[in-house]
Amino acid sequence: MTDDLDKLISMMDAATPTPDANRRAANVALAQENFVAAQGTGASKRPTVKRGPLVRLSEGAKLMLNALSHRGVLTATSAIAAVALVVILPQTRDTVVQPSFRVEDHLPQPVAELDREEVAPSQSPEVLLDEASEPVAKSKRQETALSQADQSTIRIGRGAVMEAPAIVAVPAERSLSTRIEQNTEAFSNGETNPLKVTLEDPVSTFSIDVDTASYSIVRSSLLNGHLPPPEAVRVEEMVNYFPYSYPLPKGDAPFRPSITVSPTPWNEATQLVHIGIQGALPEIADRPPLNLVFLIDTSGSMQDPNKLPLLKQSFRLLLAELRPEDQVSIVTYAGSAGQVLEPTSATEKSKILNALDRLQAGGSTAGQAGLQQAYQVAETMGSEGEVTRVLLATDGDFNVGLSDPEALKDFIARKRDSGTYLSVLGFGRGNLDDATMQALAQNGNGQAVYIDTLGEAQKVLVDQLTGALFPIANDVKIQVEFNPAQIAEYRLIGYETRALRREDFSNDKVDAGDIGAGHSVTAIYEVTPVGSDAIRNGPLRYGEQAVSNGSEEIGFFQMRYKEPGAQQSRWIEQPILSEQGEITDDVRFSYAIAGFGQLLRAGAYLGGWTFDDAIRLANTARGEDPFGYRAEAVTLMRLAQSLGR
């Protein structure tokens, strides 16, 4: 085998030609001549794949953008590319350049919309290019995204100055997909009314409530894609949001109560006692002159589109309903209060609208100073027999001048007693102080509403203007005594913030709610008859036992009220009988809304009753719905059902 290999090697060596140095030199010379012919002379520039610095920089940025997918890093490279373009522009001595290029136009949209107040300008990182031409952001040991802030000055070369967007850092862990706002909302509510044993506590007393703010807040939450906070849900305000066709009062009576007792939709072993109170509606043509002071919050928190801009649009609707004998004045408050429109006849609409249009948001919220000045203006407008109202329009974010809230309530109560009432219109979300709004309206004998759409402004300030501004009764209280021989347990649905002590009912000095012209009020009790399987509280070993008194009454209804300006109350009373009244669509729809509100508060007394049941009941009880309020309620129920899954 070795001999064969040696022979092969010898044969290959013999076949290989001997190196020829002359031949090699000739071949090299020929190759050089061909290269010169193809590329040109040495004096001319030859084509190359290498490009100039501007092209190379742009190509590098393009490759970087294509390679990176993280949105925060993508934003950083976009901003750095913009700065790089500024740096490589031709230097111009002592010239100020105003570029049309704006970094924010090339940033991802969520980043461009971040609040500028999130990071102070002094926290802006210094952006450099390292030796490898990669962006480096000097920040506080964390990855950052970039956002536009105030303009800063960049000096280029010898004295050339260019204005370019400064770059500020936003922590990368912050979501860039939504606008970041701090939620400081506060709501007025209490724990759900407990089930009471009739034998131990047979009397229920509360102030009526014609406010509707809670329903509008619930709607705002659902239409924005989330369930409302349970504390924002006041069931009685949801029920009272809707107009009902209860029987009208007879003769000169200001009210007419209608009581219905029927099975409970969510518990066949209990009953609902439905109390519907309808206020009289005087002739609109006979209404007295109206003096309105628009007290408008123009603080910085009111700048959002659903606040001051919507407020202006809402007041435009109201102005169209006023008469020549009516007057309007405008007082604003921000860092300080001021009158921007003296009392002006409603006929001078252009003057009033111009004053509204000039309002701008800015500053802190000196609410107390604004209220004081508004009442001072109101005192100069009112005359005997006229109605004077202060309409406070705000998001409720009082942060200046409220060192003593109780003193402010006392101040409003004194003005209320002098005949000037205060109603509160809430706007916007995020910092809505519903608790303050409720307290002000209750002490001012007015109504608290929340306006989230122009349609709601139409309902409150146009369709229901008479009821909102012209009272027919003050300090309206309801007291129901249940018969322990017939009713074992009961609970009032809603009115948690309106509860009164038993002795407050006959005390005319105790303030309570007011009813405007044409208003209706609804209250609903769930009662458990004696002997029902639904009784939750067993008998006590040493407790008293209910003894039949021979009466078929299950309870006794009483209502006290004062006529406007009166100091002494009058009252209405009537017994409550089992299976009393007619179960109308109005009654059944109010049950659906009461159930809806309890579901939003995770009601403990609904058993297995669901949104499907509420939707079914509301649909079958919709009845006449000329403005679509009830149809909208069904839509909100469906949204709540989907969002709660």
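**Close-up 1. Glutamine 278 has serine 520 of strand 19 as its bridge partner.** The model is predicted. Strand 19 covers residues 520-529 and pairs with strand 9 over 8 bridges. The sense of this pairing is antiparallel.

**Close-up 2. An open sheet is built from 5 strands.** Their order is 6-17-19-9-8, with antiparallel pairing. Strand 6 (196-197) and strand 8 are the edge strands. Each of these two pairs on one side only.

**Close-up 3. Tyrosine 244 and tyrosine 246 make a stacked aromatic pair.** The model holds 17 aromatic pairs in total. In the pair of tyrosine 244 and tyrosine 246, the centres are 5.4 Å apart and the planes are at 10 degrees. Both tyrosine 244 and tyrosine 246 are buried.

**Close-up 4. Tryptophan 266 meets tryptophan 609 edge-to-face.** The distance is 5.4 Å centre to centre, with 65 degrees between the planes. Tryptophan 266 sits in the loop between strand 8 (255-264) and strand 9 (267-279), and tryptophan 609 in the loop between helix 15 (585-600) and helix 16 (611-620), so the contact ties together parts 343 residues apart in sequence. Tryptophan 266 and tryptophan 609 are both buried.

**Close-up 5. One aromatic cluster joins Tyr215, Tyr241, Phe242, Phe589, Phe627 and Tyr629.** Two rings of the cluster, tyrosine 241 and phenylalanine 589, carry a charged residue over the face. Lysine 459 lies over tyrosine 241, at 3.9 Å from the ring centre. Arginine 630 lies over phenylalanine 589, at 4.6 Å from the ring centre.

Conventions: Residues numbered from 1 in each chain as written. Predicted model: local features only at pLDDT ≥ 70, side-chain atom pairs only at ≥ 80, totals over all residues. Heavy atoms only, no water. Phe/Tyr/Trp six-rings, centres within 6.5 Å; stacked < 30°, edge-to-face > 60°. Buried < 20%, exposed > 50% of the residue type's maximum accessible area, 1.4 Å probe, protein only. Helix = DSSP H or I, 4+ residues; strand = E, 2+ residues; numbered from the N terminus. Lys NZ or Arg CZ within 6 Å of the ring centre and 35° of its normal. Pairing = 2+ DSSP bridges.
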